[in-house]
Amino acid sequence: MVYVLLGTGFEETEAIAPIDLLRRAEIPTLTVALADKTVCGGHGIRVEADITIEEMDLTDMDMIVLPGGLGGVATARASEAALAALRFAYENGKYVVVNSKFISTNGQVKKYCKNQICPLYIDDILMVMSDL
């Protein structure tokens, strides 16, 4: 199961495009509201999430996706449940896909990388979000 976390002010393209691609590939994917089930993106587009964060089954998770968007990132950072889900995914070897602004410090985004930060193999699926 892939869970896509949606916080108020999320970047719509960074959420909807991966959801669309995952569902077309018939990969079970659910959108997860961090608060109210109807979530408003950063550009005013409202999305009805499939479930709320309280309904997530972490033991069923294969991947967690956190789209960017300044409001969405701030909402996720303020959510203990979202941070716990991300921590669970990381500690249990699940795929974690986050926007660079979520992992940067004080809004300072490093836009290049000199090192390979994860191994990729033939037939791996890779999603690039943001401008890393």
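Visitor: What makes both faces of strand E1 count as covered?

Guide: On one side of E1, Val2, Val4 and Leu6 are buried, and on the other side Tyr3 and Leu5 are buried too. The model is a predicted one, and the term "buried" requires a relative accessible area under 20%. In E1, which spans residues 2-6, 5 of 5 residues meet that condition, and the strand is described as mostly covered. The split into two sides fits a general pattern: in a regular strand, side chains alternate between the two faces of the sheet.

Visitor: How do you know that E1 pairs with strand E2?

Guide: Pairing requires at least two bridges between the strands. E1 and E2 (residues 29-33) are joined by 5 bridges and run parallel, so the condition for pairing is satisfied. Among the partners, leucine 5 is bridged to valine 32 of E2, and leucine 6 to alanine 33 of E2.

Visitor: What makes strand E6 a partner of E1 as well?

Guide: The same cut-off of at least two bridges applies. E6 (residues 63-66) is joined to E1 by 3 bridges, again in parallel, and therefore E6 qualifies as a partner. One of the partner pairs is tyrosine 3 with isoleucine 64 of E6.

Visitor: Why are E5 and E7 called edge strands of the sheet?

Guide: The open sheet has 5 strands, in the order E5-E2-E1-E6-E7, with parallel pairing. E5 and E7 (95-98) each have a single partner strand, so one side of each is left without a neighbour in the sheet. Helix H1 packs on this sheet, touching E1 and E2, and its direction makes about 150° with that of E2.

Visitor: What makes E1, H1 and E2 a β-α-β unit, and which hand does the unit have?

Guide: Strand E1, helix H1 (residues 12-24) and strand E2 make up the unit, and the unit is right-handed. With the strands pointing away from the viewer, the path from E1 over H1 to E2 therefore runs clockwise.

Visitor: Which residues of the largest nonpolar core touch the most other members?

Guide: This core has 17 residues, and Tyr3, Leu5, Val32, Ile53, Met56 and Ile64 hold that position. E1, E6 and helix H3 (80-91) are the elements that give two or more residues to the core. H3 gives the most, with 4 residues. Apart from this core lies another, of 14 residues, including Ile19, Ala33, Val65 and Val97. In soluble globular proteins, nonpolar side chains tend to be buried together.

Visitor: Why is threonine 52 called buried?

Guide: Threonine 52 has a relative accessible area of 16%, and the cut-off is under 20%, so threonine 52 counts as buried. The residue lies in strand E5 (residues 51-52). Val32, Ala33, Ala35 and Lys37 are the residues that threonine 52 touches, not counting those up to four places away in sequence.

Visitor: Why is aspartate 50 placed in a class other than buried?

Guide: Aspartate 50 has 31% relative accessibility. The buried class ends under 20% and the exposed class begins over 50%, so aspartate 50 is partly exposed. This residue sits in the loop between strand E4 (46-48) and E5.

Visitor: How do you know that the side chain of aspartate 50 makes a polar contact with arginine 23?

Guide: The two side chains come to 2.7 Å, and the cut-off for a pair of N or O atoms is within 3.5 Å; the pair therefore counts as a polar contact.

Notes. Residues are numbered from 1 along each chain as its sequence is written. This is a predicted model: local features need pLDDT of at least 70, side-chain atom pairs count only at pLDDT 80 or more; totals for chains, interfaces and linings use all residues. Side-chain values use heavy atoms; hydrogens and water are left out. Buried means under 20% relative accessible area, exposed over 50%, partly exposed in between (1.4 Å probe, protein chains only). A nonpolar core is a set of buried Ala, Val, Leu, Ile, Met, Phe, Trp, Tyr and Cys residues joined through side-chain atoms within 4.5 Å. Contact means heavy atoms within 4.5 Å. A polar contact is a pair of N or O atoms within 3.5 Å; within protein, one must be able to donate a hydrogen and the other to accept it, and residues adjacent in sequence count only if both atoms are side-chain atoms. Axes are lines fitted to C-alpha atoms, for helices over the stretch in contact, and angles run from 0 to 180 degrees between N-to-C directions.
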